[in-house]
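Visitor: Please show me the structure, and allow me to put some questions about its fold and its interior.

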Amino acid sequence: MLSKLVEEQKLMKQNLIVVVTVFLIYICFTINTPANAANVIPIPINNPGFEDPFLKVKDEFTLETPTNWTMYNPDGLIPEKPTNSTSYLGVTNAFPRSAFYDQHAPEGRNIGSVYLIQKSGSGIAGLEQTLDATLEPNTKYTLMVDIGNAADSFKDISLAVFPGYRVELLAGDTVLAADENTISIEEGGFKTSTVTFTTKPNTPLLGQKLGIRLINLLQSSSANIDFDNVRLTAQPTNI
């Protein structure tokens with residue numbers, strides 16, 4: 001009887017030690033976690049990784065604007081019926097590894113492509129999407145996009161010089177913030193562009209729908225630029 005009581009006491013002590021250890025771990029985790037980290041809210045984007053349409057073959061590409069995105073063509077660089085000999089918007093399969101990249105697509109299989117054949121400085125073109133989310137007060141928005149600098153060449157056209165990019169966060173038709181060529185991207189690689197904008201209680205355009213625009217600036221004879229893994233978050237700033 002006595003030995004049984006001793007064993008029960010030992011078991012209770014062990015359980016108590018486990019409970020205290022778990023509690024201390026929880027306390028340490030809570031202390032080292034930013035108070036507002038849990039308040040970062042992903043904003044839905046349609047086809048953010050350009051996985052629609054599905055392409056089976058590596059380096060297969062389309063000549064159509066990716067699903068759920070629309071053409072941004074202010075200078076008329078992309079014809080109504082593009083071909084692989086004209087400027088075009090499309091999707092390219094870069095999995096497991098593209099002929100133009102030293103790595104596979106940052107997200108999924110596909111990347112969104114903006115291919116322009118006009119002379120440097122002829123204009124700009126790209127992809128855009130209007131979201132269901134609207135611009136809210138007291139909120140920090142963070143837009144992140146992976147930008148690709150293709151290597152090699154296509155149809156005797158060198159892709160060795162990067163044409164330049166711009167990533168824009170919009171409210172309605174107004175650009176809230178943009179990143180224009182602030183990151184250096186090695187040939188055959190991707191790097192992440194980040195755009196932030198923080199609203200106040202009286203910021204103009206509150207209630208307007210948010211939008212994203214991905215642009216090829218055509219600042220060189222290298223006509224191609226690729227985009228992938230588009231994500232946008234909102235974080236309340238009044239907490």
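The exchange below concerns a predicted model.

Visitor: How many helices and strands does the secondary structure of the protein come to?
Guide: From the N terminus on, the order of elements begins with α and continues with β to the end. The total is one helix and 13 strands.

Visitor: What percentage of contacts between residues at least 6 apart in sequence join residues at least 24 apart?
Guide: The chain has 239 residues, of which 39% count as buried. Of the contacts in the protein between residues at least 6 apart, the share that joins residues at least 24 apart is 78%.

Visitor: How much of the accessible surface belongs to carbon and sulfur atoms?
Guide: The accessible surface of the protein comes to about 13,000 Å². The part of this surface belonging to carbon and sulfur atoms is 57%.

Visitor: Which strands are the edge strands of the open sheet formed by five strands?
Guide: The order in this sheet is 2-5-12-9-10, with antiparallel pairing. Each edge strand pairs on one side only, and these are strand 2 (70-72) and strand 10 (174-180).

Visitor: What is the average twist from one strand to the next in that sheet?
Guide: The five strands of the open sheet pair in the antiparallel sense. From one strand to the next, the twist averages 25°.

Visitor: Which residue in strand 12 is the bridge partner of Y165?
Guide: Strand 9 (residues 165-171) pairs with strand 12 (residues 209-216) in the antiparallel sense, over seven bridges. Within strand 12, the partner of Y165 is N216.

Visitor: Are the residues of strand 3 that point to either side buried or exposed?
Guide: Y88, G90 and T92 point one way from strand 3, whereas L89, V91 and N93 point the other way. Six of the six residues in strand 3 (residues 88-93) are covered in this sense. On both sides, the residues are buried.

Visitor: Why does T92 count as buried?
Guide: T92 is placed in strand 3. Leaving aside residues up to four places away in sequence, T92 touches L55, D59, E60, F61, R109, N110, I111 and S113. A residue is buried under 20% relative accessible area. T92 therefore counts as buried, its relative accessibility being 12%.

Visitor: Which residue in strand 4 stands opposite L89?
Guide: Strand 3 and strand 4 (residues 110-115) run antiparallel and are joined by six bridges. Among the pairs, V91 has G112 as its bridge partner in strand 4. Opposite L89 stands V114.

Visitor: Which residue in strand 13 is the bridge partner of G112?
Guide: In strand 4, N110, G112 and V114 lie on one side and I111, S113 and Y115 on the other, and all are buried. Four bridges join strand 4 to strand 13, and the two run antiparallel. The partner of G112 in strand 13 is F227.

Visitor: Which strand gives the most to the largest nonpolar core?
Guide: In soluble globular proteins, nonpolar side chains tend to be buried together. The largest nonpolar core here has 40 residues, of which L143, L214, V230 and L232 touch the most other members. Five residues of this core come from the strand that gives the most, strand 13 (residues 224-236).

Visitor: How many residues form the other core, which lies apart from the largest?
Guide: V230, in the largest core, touches residues including W69, L143, M144 and L214. The other core lies apart and includes Y101, A105, A150 and F190. Its number of residues is six.

Note on methods. Residues numbered from 1 in each chain as written. Predicted model: local features only at pLDDT ≥ 70, side-chain atom pairs only at ≥ 80, totals over all residues. Heavy atoms only, no water. Buried < 20%, exposed > 50% of the residue type's maximum accessible area, 1.4 Å probe, protein only. Contact = heavy atoms within 4.5 Å. Areas by Shrake-Rupley, 256 points an atom, 1.4 Å probe, with all protein chains shown as cover. Pairing = 2+ DSSP bridges. Core = buried A, V, L, I, M, F, W, Y, C linked by side-chain atoms within 4.5 Å. Axes fitted to C-alpha atoms, helices over the stretch in contact; angles between N-to-C directions.
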